[in-house]
Amino acid sequence: MADFWATIESGEFLRIVALSLGVSLSATSLAVLLGLPLGAALAVFRFPGRRPLVVIVNALLGLPPVVVGLVLYLLLSRSGPLGELGLLFTPAGMVIAQALLATPIVAALVHRAMALLWADYGGALLVDGATRWRAIPTLLVMGRLPVLTAALAGFGRTISEVGAILVVGGNIAGYTRTMTTAIALETSKGNLALALGLGLVLIGISVAVSATAFALTPGDKR
Amino acid sequence: MMKVFRRSVVALLAAELAMAAHGAAAQSIVLASTTSLQDSGLLANILPTFTTATGIEVRVVAQGTGQALATAARGDADLVLVHDPEAEDKFIAEGHGGERRQIAWNDFVIVGPAGDPAKVGGGHDAVAALGSIEKARAPFVSRGDKSGTDALEKRLWRKVGRQPSLAGGDNWYKDIGGGMGAALNAASGMGAYTLSDRGTWLSFANKADLKVLVEGDPALLNRYDVILLDPKTHPNAKLEPARRLRDWLVSAAGQAAIGAYTKQGQKLFNPSAAAPK
């Protein structure tokens, strides 16, 4: 237990928490930026290839993090096609990995929510003279709570993820070490109590982010 | 308006260039190293001294020796610090590595449950001990990750005369495919034997009823080598700051720092740059 408090009070720990939140929130933002329009478009527009695209997006819910990590590793490696960017073993590389994992989650959940709303109100919106493009913001406002859930599901994937960022980030002390990779490391050192303590802190952070997001979203608090 | 805009763009670019130049001064290098040097706490203990003295930040990616060498071979590290002489020979022969220097040594130990079902306790012969474990079909945890420790274990089994495997019906032989810490956790969880480097063992905090049973065999010598990358194969690596770290590790100051690192009063690594083992 002494280990735990010493760790919590160290500057290193704060840096780890800050990096975890920074990487996860950046990745979630990217995922929302990409997934929200994609999910909404899949619900509202009718175009050739839409059905297969829906199937693909849903299939990607099961994207294995360690495979995403490996593929990104090969791409970002100095001897890989994107090696010039120098993103391997950096926080930016970790953000890309997690954004890839979270985008399908956001897109699939937004699509599901929007599709229900579109079935109920789409006809009315079009009769009112709105184009499909113009209907999307209206639908997003109506469906803001499920959309929030989609974003939080994306965040949940990123904050808890370890397989991809371990490969892409390298778990470098003071630079790419996050809560999850630190927990994995402490477990491997046999510091099980410390690892568990960090795990509880991680869950606490996750709850706090979720609560904050709900508090900031207008609408009935169901 | 356009002029102001253009001027501010130029100013921004200049500022960015200045920052990039500054970034180059405050250098960082990637050191591909082994889990034992990280998990034992050695690198975290000694590297800040080097960074303070030189301004060079060292980013340690700790992997098994096989993976660390592969990382460097792909060009993703600037310097390697590992412990598998055979794999290192190959790395150098393939044109990835240049100069190699030994920085420290310690030894491997065979740890196992205090009950010691294979009766190997107190022995000093690693091959004989593994032979007894095999005969007793006592649980044994193998790293199975091509690390330096794993490579040594495989060499020892070769001397026993047989490589156990699950496919060969050896359900007592558990290939966990993980790092040293994971292997020790598995061994302490199932009361199994395993081969560990002494540094990780001494700093491991979940020993349960595991204890050192076999030690002191010359075959269990564990040497840590630092290898510069070959500038011809890896011209993009940060060779100059990497060389400075190598030079520091083998210098009197670096060697003293390695020798001064203890855990629970025990010295974990013996500096050996001046007199390689």
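**Chains A and B: contact, fold and one helix**

Good morning. The contact brings together 15 residues from chain A and 19 residues from chain B. On the side of chain A that touches chain B, six of the residues are nonpolar, seven are polar and two are charged. Please keep in mind that this is a predicted model.

Let me turn to chain A by itself. Chain A contains ten helices and zero strands, so its elements read α-α-α-α-α-α-α-α-α-α from the N terminus on. The C-alpha trace of chain A spans about 65 × 45 × 25 Å along its principal axes. Of the 222 residues in chain A, 41% are buried. If we consider the contacts in chain A between residues at least 6 apart in sequence, 78% of them join residues at least 24 apart.

I now move to chain B, and to a single element, helix H11, which covers residues 252-260. Which residues of this helix are buried? They are Gly254(B), Gln255(B), Ala257(B) and Ile258(B). These residues lie on the same side of H11(B), because they cover an arc of only 160° around the axis. In general, an α-helix has 3.6 residues a turn, so residues three or four places apart point the same way.

What, then, covers the buried residues of H11(B)? The cover includes two helices of chain B, H3 (42-54) and H10 (239-250), together with two strands of that chain, E4 (97-113) and E12 (270-271). The face of H11(B) turned away from the buried side carries the exposed residues Ala252(B), Ala253(B), Ala256(B) and Ala260(B).

Thank you for your attention.

Methods. Residues numbered from 1 in each chain as written. Chains lettered and ligands numbered in written order. Predicted model: local features only at pLDDT ≥ 70, side-chain atom pairs only at ≥ 80, totals over all residues. Contact = placed C-beta atoms within 7 Å. Nonpolar A, V, L, I, M, F, W, Y, C, P; charged D, E, K, R; others polar. Helix = DSSP H or I, 4+ residues; strand = E, 2+ residues; numbered from the N terminus. Buried ≥ 20, exposed ≤ 12 C-beta atoms within 10 Å, placed from the backbone. Arc of directions from axis to C-beta.
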